[in-house]
Amino acid sequence: MILVTGGAGFIGANFVLDWVASEKSPVANLDKLSYAGNPGNLVSLKQDARHIFVKGDICDRTLVGQLLREHKPAAIVHFAAESHVDRSIHGPAEFVQTNVIGTFSLLEEARAYWSTLAAPEQDRFRFLHVSTDEVYGSLGRDDPAFTESTPYAPNSPYAASKAAADHLVRAYHHTYGLPTITTNCSNNYGPLQFPEKLIPLMIVNAAQGKPLPVYGDGLNVRDWLYVGDHCAAVRLALRRGRPGETYNIGGNSEKTNLEVVNAICAILDEFRPSSLIPHHSSLITYVKDRPGHDRRYAMNAGKMAAELGWQPAERFETGLRRTVEWYLDHMDWVENVTSGAYRNWLHLNYADRGQA
Ligand code: NAD
Ligand code: DAU
């Protein structure tokens with residue numbers, strides 16, 4: 001048994017689906033079902049006894065303690081977080097609550113549970129904390145990619161809350177010996193991503209003939225990784241990663257935002273030819289920039305390759321095509337997640353941006 005947190009969100013749900021498809025052990029999935037958590041992501045596991053879904057908050061220590069005592073997991077894989085940078089700018093408090101206090105609560109309960117285990121189980125136990133490249137700050141155009149020893153320099157409330165969580169995880173290993181592993185990953189894309197993030201937002205808007213809001217000059221760079229590759233990397237780090245270590249995970253696929261949006265538009269031109277919109281790129285609208293917008297992220301994933309033999313399997317071009325196809329085939333999923341609250345978010349984030 002493993003305990004996954006945040007397994008109804010984008011990466012967590014992909015991870016749980018992969019896990020059940022390829023591993024024998026069951027998974028308990030603790031998720032509070034925030035706006036980003038969607039039980040529909042796990043509907044294919046409804047009849048599968050190896051998946052136990054628990055609706056609850058990682059900050060609820062009584063619940064977490066009970067779950068650990070009841071299920072006796074061999075590992076905790078911690079995805080649960082507030083994850084959207086723009087939301088952290090509008091309302092940072094939730095980010096401190098879940099990402100910092102929530103991770104602290106989980107660590108405390110994990111430590112209490114772990115201390116009751118016999119020595120061999122203690123050695124085998126893992127607390128795997130899923131983090132981000134954003135903790136390292138922003139790179140200039142010619143700077144070398146982030147390594148595991150790049151100093152932390154988080155710039156957004158989201159990145160700062162993840163950095164705080166990373167430091168707590170590190171301290172619990174150093175002070176108490178809790179066998180922790182932290183993975184820091186670059187931008188993910190793929191099926192089941194909530195359409196507030198760049199790639200799904202642009203696919204959905206372009207498919208509906210709506211403007212494609214590009215922040216600033218569109219030349220910010222992200223390193224894109226297909227979500228299935230991230231899940232495989234986390235599984236490997238869980239199995240073979242060394243306690244106390246951190247591992248960078250990246251796609252080796254740096255793109256400017258404009259390159260990404262233009263690539264999505266070209267795929268839609270092919271899949272959804274329209275006489276009204278012959279070129280979906282004509283929908284691109286430059287809007288006011290994100291405050292404190294990090295210019296470039298790039299990951300050196302050499303340690304994952306050298307120690308664990310991990311490499312991304314999916315190329316960006318093919319992964320993006322698969323992703324566009326998935327969204328076009330699942331517009332019902334999009335309808336379900338884009339409720340009134342989503343429309344309120346679009347208004348809050350985009351209404352005052354105007355055109356740059
Ligand atoms: P997401 O926002 O899609 O999903 C987060 C999930 O956590 C949701 O299901 C939500 O309901 C749940 N959750 C939120 N607060 C909770 C709480 N207090 N208790 C229990 N559950 C709670 O996020 P994602 O994009 O899947 O990211 C997952 C993890 O990976 C996060 O820790 C994020 O920081 C990290 N990460 C994401 C990316 C990316 O590109 N998306 C890249 C690197 C790292
Ligand atoms: O780098 C890893 C991080 O990637 C994760 O830790 C975060 O959870 C995840 O949300 C993501 O953060 P970003 O801020 O990089 O992702 P987002 O999809 O929000 O934005 C990607 C880029 O696109 C960024 O430069 C901002 C830009 N952008 C985004 C949106 C939503 C736009 O130009 N227009 C938009 O409407």
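At roughly what angle do the axes of helix 1 and helix 8 cross, and within what distance do they come? Hi everyone, let me get to that by way of the sheet. Keep in mind that this is a predicted model.

The sheet first. It is an open one, built from 7 strands with parallel pairing, and the order reads 3-2-1-4-5-6-10. At the edges sit strand 3, residues 51-55, and strand 10, residues 246-249, each pairing on one side only. Going from one strand to the next, the twist averages 20°.

Let's look at the strand 10 end. Strand 10 pairs with strand 6, residues 180-185, in the parallel sense, over 4 bridges. If you want a spot to click on, Asn184 has Asn248 in strand 10 as its bridge partner.

Now the helices. Helix 6, residues 157-176, lies across strands 5 and 6, and runs at about 155° to strand 5. Helix 8, residues 227-240, also packs on the sheet, where it touches strands 4, 5, 6 and 10. Its direction makes about 145° with that of strand 5.

And so back to my opening question. The axes of helix 1, residues 10-22, and helix 8 cross at roughly 65° and come within 9 Å. The crossing is right-handed. On the helix 1 side, the contact includes Phe10, Ile11, Phe15 and Trp19; on the helix 8 side, Val227, Cys231, Val234 and Leu238 are among the residues involved. Sorted by class, this contact has 8 nonpolar, 4 polar and 2 charged residues.

That's my tour, thanks for listening!

Terms used
Residues are numbered from 1 along each chain as its sequence is written. Chains are lettered from A and ligands numbered from 1 in the order in which they are written. This is a predicted model: local features need pLDDT of at least 70, side-chain atom pairs count only at pLDDT 80 or more; totals for chains, interfaces and linings use all residues. Side-chain values use heavy atoms; hydrogens and water are left out. Two strands pair if DSSP finds at least two bridges between them. Helices (H or I, at least four residues) and strands (E, at least two) are DSSP runs, numbered from the N terminus. Axes are lines fitted to C-alpha atoms, for helices over the stretch in contact, and angles run from 0 to 180 degrees between N-to-C directions. Contact means heavy atoms within 4.5 Å. A crossing is left-handed if the near helix is turned anticlockwise from the far one by less than a right angle, and right-handed if clockwise. Ala, Val, Leu, Ile, Met, Phe, Trp, Tyr, Cys and Pro count as nonpolar, Asp, Glu, Lys and Arg as charged, and the others, Gly among them, as polar.
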